[in-house]
Amino acid sequence: MQQSAQDLRAMERRRFLEGLVKGSVAGMAGLAAMRPLTAFGQEMMEIRGPRMPDRPLRRITERCYYILADGPFPTAGNQGFMGNVGIVFTRKGVVIIDSGASVQIGEMVLRKIEEHTDKPVVAIINTHYHGDHWMGNHAFVNAYPDVPIYAHPECTQAIKGTQGEFWKGLLNRSTDNAIAGTIITPPNEDAEHGQEFDFGDCTLRLHHYGTAHTPTDITVEVVEDHVTYIGDVAMANRIANMDDGSYLGTFETMDKLEANTDTISWVPGHGAFGPDVMKRNRELFEGIYESVKKYYDQGLMDYEMKDKVIADPRVAKYRQWYGFESTIGRYISIAYLEVEKNIW
Ligand SMILES: [Zn+2]
């Protein structure tokens, strides 16, 4: 059983990674509906992927909730629901932290919110430009055309630039077009470090400490609840993607979040919330970075040190995390380049 679950995970991961490079158009089998609409005086076909099945709201505190994603990577089976959606029910209305990877996921979140409150969605915050954190914006703008969507200004630029189309294509290919119908809807308000929002019964405070998971990470502290939504600065049960990130920057961001917030519950973009999410992720990343530095100093190349780095107990402990086996070599290489950059 264990083996077959691993095989399935490896297959899903491979399919996602192939999507990063292939650019092929997958079959249209997953499409549920086609309906005509008129735009610019022309008949067009709007093609929609299937409805996203409802997922439960998970309670962190009286105000803070999230909907846990259905797996770590996008597949046809999970229709792209690979990233958690954070929800804060305030006196003034509902705040969304990361909106999911599709219009269908956003619509599901709206249905779940309506079961809980009559209040409107009053703000959305996108923690960074990876598509599973903002593609659901489309559904919220459909429901609330004037809703402010906050992000780091460089995140918004990235989405309006190459990241928007890149993620739309990647998610379409890796889900057999389950996200079809999703329109790229970039953020429309700048977020900055130290910004605070008063929602009547609670304060949301934004934090940004330079490059961690990406150069544009915004984390959201719900001050009175001692809850911080950290996007992908740390993950649980999945190794975080470091392609756009920095190990040293991640440690600095983690240090400052620990020092400048009074957090009991860390809510990651992937995996379950808890008190140890940052601590565990930090242990893994320190194990990788410090081992790489040790073997770099001994004159080893990145490909020569892989087995030794994985044998470090701080790293070996997390070998069962999703994506570990298929990406650890790449993340060792990224650490190697960062060590080299900081030597000189
Ligand atoms: Zn990410």
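**Figure 1. Strand 12 pairs with strand 13 in this predicted model.** Strand 13 covers residues 227-229. The two strands run antiparallel, and three bridges join them. Look for Val-222, which stands opposite Val-227 in strand 13. Strands of a sheet pair through backbone hydrogen bonds, either parallel or antiparallel.

**Figure 2. Strand 11 pairs with strand 12.** Strand 12 spans residues 219-222. Four bridges join strand 11 to strand 12, and the pair is antiparallel. Leu-204 has Val-222 as its bridge partner in strand 12. Val-222 also faces Val-227 in strand 13. In a regular strand the side chains alternate between the two faces of the sheet.

**Figure 3. Strand 10 and strand 11 form a hairpin.** Strand 10 takes in residues 196-198, and strand 11 takes in residues 203-207. The strands run antiparallel, with three bridges between them. Phe-197 stands opposite Leu-204 in strand 11. Leu-204 is also the bridge partner of Val-222 in strand 12. Four residues lie between the two strands of the hairpin. In this hairpin, Gly-200 has a positive phi near 95°.

**Figure 4. Five strands make up an open sheet.** Their order is 10-11-12-13-14, and the pairing is mixed. Strand 10 and strand 14 (265-267) stand at the edges. Each has a single partner strand, so one side of each is left without a neighbour in the sheet. From one strand to the next, the twist averages 20°.

**Figure 5. Helix 7 crosses helix 9.** Helix 7 is residues 302-311, and helix 9 is residues 324-343. Two packed helices are described by the angle between their axes and the distance between the axes. Here the axes come within 10 Å and cross at roughly 115°. That angle makes helix 7 roughly perpendicular to helix 9. The crossing is right-handed. From helix 7, the contact involves Asp-302, Met-305, Lys-306, Val-309 and Ile-310. They meet Ile-328, Gly-329, Ile-332, Ser-333 and Tyr-336 in helix 9. The contact residues divide into six nonpolar, two polar and two charged.

**Figure 6. Gln-320 lies in a loop before helix 9.** The loop runs between helix 8 (313-316) and helix 9. Is Gln-320 buried or exposed? Gln-320 is exposed, because 11 other C-beta atoms lie within 10 Å, and the cut-off for exposed is 12 or fewer. Asn-237 is 83 residues away from Gln-320 along the chain. Their C-alpha atoms are separated by 7.8 Å.

**Figure 7. Gln-79 and Asn-177 each have a positive phi.** Most residues other than glycine have a negative phi. Gln-79 has a phi near 55°, and Asn-177 has one near 65°. Gln-79 sits in the loop between strand 4 (64-67) and strand 5 (85-89). Asn-177 sits in the loop between helix 4 (153-174) and strand 9 (189-190). Are these loop residues buried or exposed? Gln-79 is buried, with 26 other C-beta atoms within 10 Å. Asn-177 also counts as buried, with 24 C-beta neighbours inside 10 Å. The cut-off for buried is 20 or more.

**Figure 8. The whole chain sets the close-ups in context.** The chain has nine helices and 14 strands. Of its 344 residues, 46% count as buried. Among contacts with a separation of 6 or more, 70% come from residues 24 or more positions apart.

Key:
Residues are numbered from 1 along each chain as its sequence is written. This is a predicted model: local features need pLDDT of at least 70, side-chain atom pairs count only at pLDDT 80 or more; totals for chains, interfaces and linings use all residues. Axes are lines fitted to C-alpha atoms, for helices over the stretch in contact, and angles run from 0 to 180 degrees between N-to-C directions. Angles under 35 degrees count as roughly parallel, over 145 as roughly antiparallel, 65 to 115 as roughly perpendicular and the rest as oblique. A crossing is left-handed if the near helix is turned anticlockwise from the far one by less than a right angle, and right-handed if clockwise. Two residues are in contact if their C-beta atoms, placed from the backbone, lie within 7 Å. Ala, Val, Leu, Ile, Met, Phe, Trp, Tyr, Cys and Pro count as nonpolar, Asp, Glu, Lys and Arg as charged, and the others, Gly among them, as polar. Two strands pair if DSSP finds at least two bridges between them.
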